[in-house]
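Here is a friendly walk through one protein model, written for someone who likes to see how strands and side chains fit together. Please keep the structure open beside the text as you read.

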Amino acid sequence: MAERLDVLEMNTLALLEASYRSISAMASLAGTGHEHGVRFGGIDPEEIVGAPGAQDLLGLHRLVELVDERTWDTIFVDLPATADALRTLALPDLLCGYLERLWPQHDRVVAGTGTDPRLTVLVAVMERVLADADAVRELLFDHRRTTATIVLTPDSVGVAEARRTMSAAALMGLPVGEVIVNKVLPELNSSSIGLVGVHPAVFWFESWREAQQACLADVEQLAQDCSLLIVEQSAEEPVGLASLGALETRVGVVTISNQAGSNQAGSNQAGGTGAARQFEKPVVAHESGSGLESVYTMTMRLPVVDPSTVSLGRVEDDVIIGADGTRKRVRLASVLRRCVVLGAEFESGNLVVRFRPDPALWPA
């Protein structure tokens with residue numbers, strides 16, 4: 001292995017087995033001789049064939065542990081294809097949100113301090129799972145430590161998928177630091193053209209390259225305030241450190257900045273700095289009026305979403321924002337929880353929701 005470079009292939013099934021053993025040990029402490037209900041000891045850890053959501057969450061938590069070890073300056077995580085990656089990254093937030101709604105913390109505390117040892121163990125297990133998920137969520141969305149890199153190919157499908165991914169990142173609050181365009185055809189030099197003359201392969205090559213260049217123009221607009229890296233197509237698959245080192249010479253870096261509407265600076269996970277498009281929490285402001293006639297706004301910056309896909313709903317003290325097939329639950333500020341929604345508009349990459357005080361909840 002290269003100096004100061006370690007590579008780890010994570011075995012999430014082994015992590016699942018270890019976690020199951022731990023839960024089984026905790027459950028055995030609460031054994032009361034009761035013959036009904038869940039028996040964790042009825043299944044051996046080696047029998048488990050997989051639990052995708054649990055495995056993904058355990059893998060993410062293992063990353064938190066690796067970061068906390070502070071052995072490495074930077075940790076790069078290779079995630080699966082974008083749809084699977086987004087589901088994986090959304091797991092901690094979904095788990096914490098739904099468990100808290102189904103069984104709020106104050107109810108868990110009451111149950112955990114009762115006389116039933118099984119409930120005490122169940123609460124302890126849930127608190128451990130929630131603590132692990134919260135640690136993952138804190139790392140993923142900490143703009144000082146974590147950034148995301150979007151990798152795409154220079155074609156219409158690749159650009160459309162990258163746009164949807166960056167839209168989802170906007171809703172999730174995940175900062176995007178780099179956009180990498182892979183397999184870009186290089187420009188033919190005059191000597192190469194002279195060797196092949198007007199061979200049909202030249203026209204095929206140039207037509208593909210022209211289409212790619214047109215896509216690159218769209219990518220430049222998409223990658224505002226990010227580092228844009230162009231990786232040329234190699235003659236053979238780059239496998240091994242030597243091939244990857246040679247690939248470095250064929251990588252072009254383009255930095256694009258739009259100072260009019262961006263938040264600059266970010267950092268890679270576990271160290272290092274670089275530009276990153278950041279999506280901050282919604283901004284709440286008093287727009288006009290006073291008392292029951294006041295109008296408040298909540299503004300959320302969503303610069304890459306398709307406006308035609310934006311949806312908005314309210315559930316209790318939260319708003320649910322949807323765009324490009326992704327939904328995000330956002331907790332309202334305290335002042336807005338006592339208000340009703342007047343309406344919303346989306347303009348220039350900003351979602352603005354207006355509120356007015358609810359007479360039934362607003363103090364006289």
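Asp318 has Arg331 as its bridge partner in β11. The model is a predicted one, and this bridge is a handy place to enter it. Strand β10 covers residues 318-323 and strand β11 covers residues 326-331, and the two pair in the antiparallel sense over six bridges. Further along the pairing, the bridge partner of Ile320 in β11 is Arg329.

On its other pairing, β10 meets strand β9 (residues 311-315), again in the antiparallel sense, this time over five bridges. Here Leu312 stands opposite Ile321 in β10. Put together, the strands make an open sheet of three with the order β9-β10-β11 and antiparallel pairing. Which strands stand at the edges? They are β9 and β11; each has a single partner strand, so one side of each is left without a neighbour in the sheet. Neighbouring strands of this sheet are turned by 20 degrees against each other on average, with direction ignored.

How much of β10 is covered? Five of the six residues in β10 are buried, so to speak of a mostly covered strand is fair, given that buried means under 20% relative accessible area. As a reminder for reading any such sheet, side chains in a regular strand alternate between the two faces.

**A second sheet**

Another open sheet is built from four strands in the order β7-β8-β13-β12, with antiparallel pairing. Its edge strands are β7 (283-288) and β12, each of which pairs on one side only. On average, neighbouring strands in this sheet are turned by 25 degrees against each other, direction ignored.

Within this sheet, β12 (residues 339-347) and β13 (residues 350-357) pair in the antiparallel sense over eight bridges. One of the contacts to look for is Phe346, whose bridge partner in β13 is Leu351. Strand β8 (residues 295-301) also pairs with β13 in the antiparallel sense, over six bridges. There, Thr299 has Val352 as its bridge partner in β13.

**Turns and positive phi**

Several residues with a positive phi are worth a look if you check backbone torsions. In the hairpin of β9 and β10, with two residues between the strands, Glu316 takes such a value. The hairpin of β10 and β11 also has two residues between its strands, and Asp324 sits in the turn with a positive phi. The hairpin of β12 and β13 has two residues between the strands as well, with Ser348 in the turn. Arg70, a residue other than glycine, has a positive phi too.

| Residue | Phi |
|---|---|
| Glu316 | near 55 degrees |
| Asp324 | about 55 degrees |
| Ser348 | about 50 degrees |
| Arg70 | near 55 degrees |

Where does Arg70 lie? Arg70 is found in the loop between α2 (52-69) and α3 (82-102). Is Arg70 buried or exposed? With 74% relative accessibility, Arg70 counts as exposed, because the cut-off for exposed is over 50%. Ser348, in the loop between β12 and β13, is exposed as well, with a relative accessible area of 61%.

**An aromatic pair**

The count of aromatic pairs comes to one. Tyr296 and Trp362 form this pair, which is tilted, with 6.0 Å centre to centre and 40 degrees between the planes. Why does this pair tie together parts that are apart in sequence? Tyr296 lies in strand β8 and Trp362 in the segment after β13, so the pair ties together parts that are 66 residues apart in sequence. Both Tyr296 and Trp362 are buried.

**Helix and surface**

Glu65 has its place in helix α2. At 36% relative accessibility, Glu65 counts as partly exposed. The C-alpha atoms of Glu65 and Ala135 are separated by 9.5 Å, while the two residues are 70 residues apart along the chain.

Finally, which residues make the nonpolar surface patch of about 360 Å²? The patch is made by Leu5, Val7, Leu241 and Leu244. Of these, Val7 is found in the segment before α1 (12-29) and, at 63% relative accessibility, counts as exposed.

Key
Residues numbered from 1 in each chain as written. Predicted model: local features only at pLDDT ≥ 70, side-chain atom pairs only at ≥ 80, totals over all residues. Heavy atoms only, no water. Pairing = 2+ DSSP bridges. Buried < 20%, exposed > 50% of the residue type's maximum accessible area, 1.4 Å probe, protein only. Axes fitted to C-alpha atoms, helices over the stretch in contact; angles between N-to-C directions. Patch = residues over 30% accessible without salt bridge, like charges linked within 9 Å, V, L, I, M, F, W, Y side chains within 5 Å. Areas by Shrake-Rupley, 256 points an atom, 1.4 Å probe, with all protein chains shown as cover. Salt bridge = Lys/Arg side-chain N within 4 Å of Asp/Glu carboxyl O. Phe/Tyr/Trp six-rings, centres within 6.5 Å; stacked < 30°, edge-to-face > 60°.
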